[in-house]
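Trainee: I am new to this structure and would love a close look at one part of it. Could you take me through how the helices and charged side chains come together?

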Amino acid sequence: MRGEMRGERRGERREERGERRKGSAGCGGRGGSGIVLGVMLMVAALWTQGQDLEYVKGCVKELASPGMSGRSVVDEGDRKASAFLAEEFQKIGLQSFGTSYFQEYPISINTFPGKIRLSVDHHSLKPGRDFLISCNAPGISGTYELVWATNVRSDSILTALSGANGNAFLVAGEQLNYLREMASIPYKGIIFLNKNKLSWKISNGKNLGQWIAIDVNESSFPENGKQITLSFENHFVENYTSRNVIGYIQGKSHPDTFLVFTAHYDHLGRMGKDTYFPGAHDNASGTAMMTDLARHFALPENQPACSMAFMAFSGEEAGLLGSEYYAGHPLFPLEKIRFLINLDLVSTGSDGIMVINGEEFNEEFELLVSLNREENLVKEVKKRGPSNNSDHYPFYRRGVPCFFIHTLGEYSEYHTVDDKPERLPFSAYNEFFTLLTLFVQHLE
Ligand SMILES: [Zn+2]
């Protein structure tokens, strides 16, 4: 997920439900007869195979492992992850639209595969934990003078900047955050001191910047430091081949109409040889849940009425690149999508779920709420309006009815080096899984 997702709270682990049910997805084609409500009472009797949290945890562990290098371009981590997913799709028995599950497309992005060192007056800082380099930074090597501007008022900084020698680093407090947007400055770069845990992003790494922004944990930066020594290696990768992984299950009565589950499997990759971003919550969790849903619906007794596609996208963190490519080059007409659900950040749940686009697709939202109430599943089903913060958006923009759903509950690791599998609470996985299967069964 990109952008605004922060500040979920840590929740207590709830008892996991272990329902085993049976049924098949209902689907009457887009623009059909509307949603049948009032069938909720029959659902409890209908299922054999349910969710498998152990399977999901195993998938997350694999996707977030050091060997996957944070599932981006460095070390071809995303290719390794896509190969793993294709193997899972194969085991599950999903069909492919072409000769393979892969849909390839090009990415150009700045990366940091090599050396990353930073020290202040001979005190060295740890990449990822103590500092983060802005993703569009060029390589640099040398020692530079530090000019402290933490006490400079934001409105007087431009005058102060005019006297700079161009070869020093400015040390800035939060009041100067707006400088991040400037194309050029009369300094080699700016050190931004942060009070909160450092959180990386790679979406503006598509071009190199003219100066280097470095975010530093305030408590690890020596007060009144005089000199900074830097050695960063970057590699701007052009036209790297990334790939979406897509499979489907043929519907038994409406094979030309599709329900679609999507999840991005990529994450932020590496920042230097020794630091990678595991991306367990973001979004190994959603990818694993989508794969678990595919396992469920691939069982003959759960075969859906309409076809069901499963799309694992890459390039999300770099700017929804995989989903945007897919929506521009769909493997079947977008008009055939009855409904799409994007899963991103789904390993919490103690406070329920948030449905982005819940305010747009009211009928489907009400169905979700009724099913949840009847079956007493997740704590709360909340809704929001549209947002361009994840992979549902390129579809939404083209008129495809869709939700982006993430879980709610405490988890503080957003785009940090500590977004690790062992930290994920999975507080309401089984309940959320059950709700999703009920939902697609009852869509008409
Ligand atoms: Zn993200």
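**Helix contacts and salt bridges**

Mentor: Let's start with a small landmark: Ala 160 sits in helix H3, which covers residues 157-161. Please keep in mind that you are looking at a predicted model. Ala 160 has a relative accessible area of 43%, so this residue counts as partly exposed. If you look back eleven residues along the chain you reach Ala 149, and the C-alpha atoms of Ala 160 and Ala 149 are 9.0 Å apart.

Now step back for a moment to see the setting. The protein chain has eight helices and 16 strands. Of its 444 residues, 59% are buried. Among contacts with a separation of 6 or more, 83% are between residues 24 or more positions apart.

With that in mind, here is the part to look at closely: the place where H2 meets H4. Two packed helices are described by the angle between their axes and the distance between the axes. The axes of H2 and H4 come within 10 Å, and they cross at roughly 15°. Angles under 35 degrees count as roughly parallel, so H2 is roughly parallel to H4. The crossing of these two helices is right-handed. On the H2 side, the contact is made by Leu 85, Glu 88, Phe 89 and Ile 92, while H4 brings Thr 287, Met 290, Thr 291, Ala 294, Arg 295 and Ala 298. Sorted by class, the contact holds six nonpolar, two polar and two charged residues.

Two residues of that contact, Glu 88 and Arg 295, are worth following further. Let's take Glu 88 to begin with. Glu 88 forms a salt bridge with Lys 91, and their closest N and O atoms are 2.9 Å apart. The two partners are three residues apart in helix H2 (residues 77-92), so about one helical turn separates them. Glu 88 has a relative accessible area of 7%, so this residue is buried. Lys 91, in contrast, is exposed, because its relative accessible area is 59%.

Next comes Arg 295. This residue forms a salt bridge with Asp 52, where the closest N and O atoms are 3.2 Å apart. Asp 52 lies in the segment before helix H1 (53-63) and Arg 295 in helix H4 (residues 280-298), so the salt bridge ties together parts that are 243 residues apart in sequence. Both ends count as partly exposed: Asp 52 at 23% relative accessibility, and Arg 295 at 26%.

How many salt bridges does the structure hold? There are 16 of them, so let me show you one more. Glu 413 and Lys 197 meet through their side chains in a salt bridge of 3.0 Å, N to O. This pair also links distant parts of the chain, 216 residues apart: Glu 413 is in the loop between strand E16 (402-408) and helix H8 (429-442), and Lys 197 is in the loop between strand E7 (189-194) and strand E8 (212-217). Glu 413 counts as buried, at 5% relative accessibility, whereas Lys 197 counts as partly exposed, at 44%. Both belong to one network, in which salt bridges that share partners join Arg 129, Lys 197, Glu 413, Asp 418, Lys 420 and Arg 423.

To retrace the route on your screen, begin at the H2 and H4 contact, follow Glu 88 to Lys 91, and then follow Arg 295 to Asp 52.

Key: Residues numbered from 1 in each chain as written. Predicted model: local features only at pLDDT ≥ 70, side-chain atom pairs only at ≥ 80, totals over all residues. Heavy atoms only, no water. Salt bridge = Lys/Arg side-chain N within 4 Å of Asp/Glu carboxyl O. Helix = DSSP H or I, 4+ residues; strand = E, 2+ residues; numbered from the N terminus. Buried < 20%, exposed > 50% of the residue type's maximum accessible area, 1.4 Å probe, protein only. Axes fitted to C-alpha atoms, helices over the stretch in contact; angles between N-to-C directions. Parallel < 35°, antiparallel > 145°, perpendicular 65-115°, else oblique. Left-handed = near helix turned anticlockwise from the far one by under 90°. Contact = heavy atoms within 4.5 Å. Nonpolar A, V, L, I, M, F, W, Y, C, P; charged D, E, K, R; others polar.
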